[in-house]
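Q: Could you walk me through a few of the side-chain pairings here? I'm new to this, so full sentences would help.

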Amino acid sequence: MRPGARIDVGPPSRFLAPGPRLGFGAWAIGGTDWGRAGDDADRLATVCYALERGITFFDTAPAYGDGASETLLGRALRSDRARVTIATKVGPRDDPRRSLEASLRRLATEYVDLLQLHETLSDWERQLEQLVTLQHEGKARAPLAAYQGPYNVIDRDVEQRELPLCRDRGLAFLAYRPLASGLLTGKYDAPPAFPENDHRRKLYWFKGREFERRRAVVAGLRPLAQDLDLPLAALALAWLLAQPGVSIVLAGARGKAQVDDNLAGTRPLAPETVSRIDALVTATFRLPRATETVRQRAAAWGERERFVVERLDGRASAEAVAAAWTDRGGVPMVAAQVKVFCDQLAEQGLVVTDTA
């Protein structure tokens, strides 16, 4: 056991307290995969400012900047360790003990409050058992009682399965990518040309028809944000904080102004505003209707393609179609795959988008 490690794992960590909260997602602050890295002093000042403004939950991982994110948090939070919650992760192919020990050194702490699997591959059950052992040793305080998934006003796959499961089982749900990697800030009027070292170059929603749909949602959200005197990003975060079962919303920031914008999103939204946002997104992302031609052609296609085509009635959502397929067992499907396939059908004139 690590000298000085906590053995009084005690009550659940603060992040399990009731009610949704805003946390700090520390991927971008790690300095890689998000374009040009900011100055070290500025990045450190951003974390310290977030803490000063009252944010006390910080989520990181060894993969964020190859450890740079954890090192930065260790420098910024060391003197306030007792009043902050730190969550980190173990990679899917990493040895949990070695990974956590290295993280603790970078974070300059004897324990983390929450230890998570970054991904679940074939050996995930054995890794979870090792995470439990580390928690019993006091190197991680919280029990295995949380799930982290991508969730924002547009990307809603988790509403089909993971979020209801967390609500039913009393698990904490941590939402990452709450601003769709910056798109919901409203700063992209055209498909952006990200630099080579930016992971967003690979995201399908910054391209083609999907980008146009998302830009339409942003345009519809803008007057709502203006009426409420909120930054667009704050409106998106406020919507997410209003969703039942969401425990922590992990919003990243690369400067003090972004921290302020994020915190503006903690203002509660009226139920009618939430409903207006939902109606806007539903209308924009309703799947097209299959023509008789594509229904006939699909008879010779693969099972997955036939399954999707059979459900293209002009009212279905991509998330519902993907979840229905996944519930059958076998290789899962996500909404992105459904939408990309439908866009391919649209390019061939095989589906119809209802205007009513």
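Q: Which polar contact joins the side chains of K339 and E210, and how long is it?
A: In this predicted model, the side chains of K339 and E210 are joined by a polar contact of 2.9 Å, and another polar contact, of 3.3 Å, joins the side chain of K339 to that of Y204.

Q: Where is K339 found, and is K339 buried or exposed?
A: K339 is found in helix α13, which covers residues 335–347, and K339 counts as buried because its relative accessible area is 6%, where buried means under 20%.

Q: What else is K339 in contact with, leaving aside its neighbours within four places in sequence?
A: Besides Y204 and E210, the residues in contact with K339 are R213, R214, F285, L287 and A318.

Q: Which residues are in the network of salt bridges with K339?
A: The network links K339 with D155, E210, R213, R214 and D343. As background, side chains of opposite charge can pair when their charged atoms come close.

Q: Switching over to A318, how many residues of its helix, α12, are buried?
A: Helix α12 runs over residues 318–326 and is mostly covered, with seven of its nine residues buried; A318 is one of these, as are E319 and W325. The buried residues of α12 pack against α11 and also against α13, the helix in which K339 is found.

Q: Back to salt bridges: how many does the structure hold, and which residue does D278 pair with?
A: There are 23 salt bridges in the structure, and in one of them D278 pairs with R156, with the closest N and O atoms 3.1 Å apart. That pair links distant parts of the chain, since D278 lies in helix α9 and R156 in the loop between β5 and α5, 122 residues apart.

Q: Which other salt bridge does R156 form, and is R156 buried or exposed?
A: R156 also forms a salt bridge with E159, where the closest N and O atoms are 3.9 Å apart. R156 is buried, with a relative accessible area of 12%, whereas E159 counts as partly exposed at 28% and D278 counts as partly exposed at 22%.

Q: What about rings, how many aromatic pairs are there?
A: A search of the whole structure finds 13 aromatic pairs. In the pair of W27 and W34, the ring centres are 5.3 Å apart and the planes are at 85°, so the pair is edge-to-face.

Conventions. Residues numbered from 1 in each chain as written. Predicted model: local features only at pLDDT ≥ 70, side-chain atom pairs only at ≥ 80, totals over all residues. Heavy atoms only, no water. Helix = DSSP H or I, 4+ residues; strand = E, 2+ residues; numbered from the N terminus. Buried < 20%, exposed > 50% of the residue type's maximum accessible area, 1.4 Å probe, protein only. Polar contact = N/O pair within 3.5 Å; in protein donor to acceptor, adjacent residues only side chain to side chain. Contact = heavy atoms within 4.5 Å. Phe/Tyr/Trp six-rings, centres within 6.5 Å; stacked < 30°, edge-to-face > 60°. Salt bridge = Lys/Arg side-chain N within 4 Å of Asp/Glu carboxyl O.
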